[in-house]
Amino acid sequence: MMRAIAPFSGLSTLRREMDRLFDRFADFDLPELRWGGEWTPALDVSETKDAIIVKAEVPGIDPSKIEVTLEEGLLTIKGEKTEEKEAKDEQVY
């Protein structure tokens, strides 16, 4: 008995199974992340047995002017970074 060799015949089944798998990941809701402002600092987050430690790089901002809140599991770090600009006749891109 002779059979035809079709090496890609199972790809449609594989694709359906992969689609079904990824659809299951979309079944749960993630909390909406609210990114505000134009600048987001770099963060390092680590966990010990007693705490979660968040370190933020905020160069040029006075630490006393940074507001940190934790509300309903959402950590918010607020501050204002200002720049003094010279009036020039040039555009920087």
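**A nonpolar patch across four strands**

Let me begin with the strands: β1, β2, β3 (67-71) and β4 (74-78) each contribute at least two residues to the nonpolar patch. This is a predicted model, in which local features need pLDDT of at least 70, side-chain atom pairs count only at pLDDT 80 or more, and totals for chains, interfaces and linings use all residues. Residues are numbered from 1 along each chain as its sequence is written, and side-chain values use heavy atoms, with hydrogens and water left out.

First, the overall picture. The protein has one helix and four strands, and from the N terminus on these elements follow the order α-β-β-β-β. Helices (H or I, at least four residues) and strands (E, at least two) are DSSP runs, numbered from the N terminus. Of the 93 residues, 1% are buried. Here buried means under 20% relative accessible area, exposed means over 50%, and partly exposed lies in between (1.4 Å probe, protein chains only). The accessible surface comes to about 10,100 Å², and carbon and sulfur atoms hold 52% of that surface. Such areas come from the Shrake-Rupley method with a 1.4 Å probe; for residues, only the protein chains shown count as cover. Among the contacts with a separation of 6 or more, 7% join residues 24 or more positions apart. A contact means heavy atoms within 4.5 Å.

Next, the patch itself. Which residues form the nonpolar patch on the surface? They are Leu 43, Val 45, Ile 52, Val 54, Val 68, Leu 70, Leu 75 and Ile 77, and together they have about 740 Å² of accessible area. The rule for patches takes residues with over 30% relative accessible area and no salt bridge; like charges are joined within 9 Å, and nonpolar side chains (Val, Leu, Ile, Met, Phe, Trp, Tyr) within 5 Å.

Two of these residues may be followed into the strands. Val 45 belongs to strand β1 and is exposed because its relative accessible area is 59%. Setting aside residues up to four places away in sequence, Val 45 touches Ile 52, Ile 53 and Val 54. The C-alpha atoms of Val 45 and Ala 56 are 8.8 Å apart, with these positions 11 residues apart along the chain counted as their separation. Ile 52 sits in strand β2, and at 61% relative accessibility Ile 52 is likewise classed as exposed.

I turn now to the pairing of these strands. How do β1 and strand β2 (residues 52-56) pair, and over how many bridges? They pair in the antiparallel sense, over five bridges. Two strands are taken to pair if DSSP finds at least two bridges between them. β1 and β2 form a hairpin, and four residues lie between them. At the ends of this register, Glu 47 has Ile 52 as its bridge partner in β2, while Leu 43 stands opposite Ala 56 in β2. Strand β1 (residues 43-47) lies largely in the open, because the number buried among its five residues is zero.

The other two strands offer two residues of interest. Thr 76, in strand β4, is in contact with Glu 67, Val 68 and Thr 69, once its neighbours within four places in sequence are left aside. Thr 76 counts as partly exposed because its relative accessibility is 24%. Glu 72 lies in the loop between β3 and β4. Although Glu 72 is not a glycine, its phi is positive, at about 50°. Most residues other than glycine have a negative phi. Glu 72 has 81% relative accessibility and so counts as exposed.

Finally, the helix. How many salt bridges does the rule give? The count comes to two, where a salt bridge is a side-chain nitrogen of Lys or Arg within 4 Å of a carboxyl oxygen of Asp or Glu. Side chains of opposite charge can pair when their charged atoms come close. Asp 19 and Arg 15 form a salt bridge at 3.9 Å, N to O; both lie in helix α1 (residues 11-25), four residues apart, about one turn of the helix. Asp 19 is partly exposed, at 39% relative accessibility, whereas Arg 15 is exposed, at 59%. The side chains of Arg 20 and Glu 17 meet in a salt bridge at 2.8 Å, N to O. Arg 20 and Glu 17 are also both in helix α1, three residues apart, about one turn of the helix. Glu 17 is partly exposed, with a relative accessible area of 41%.
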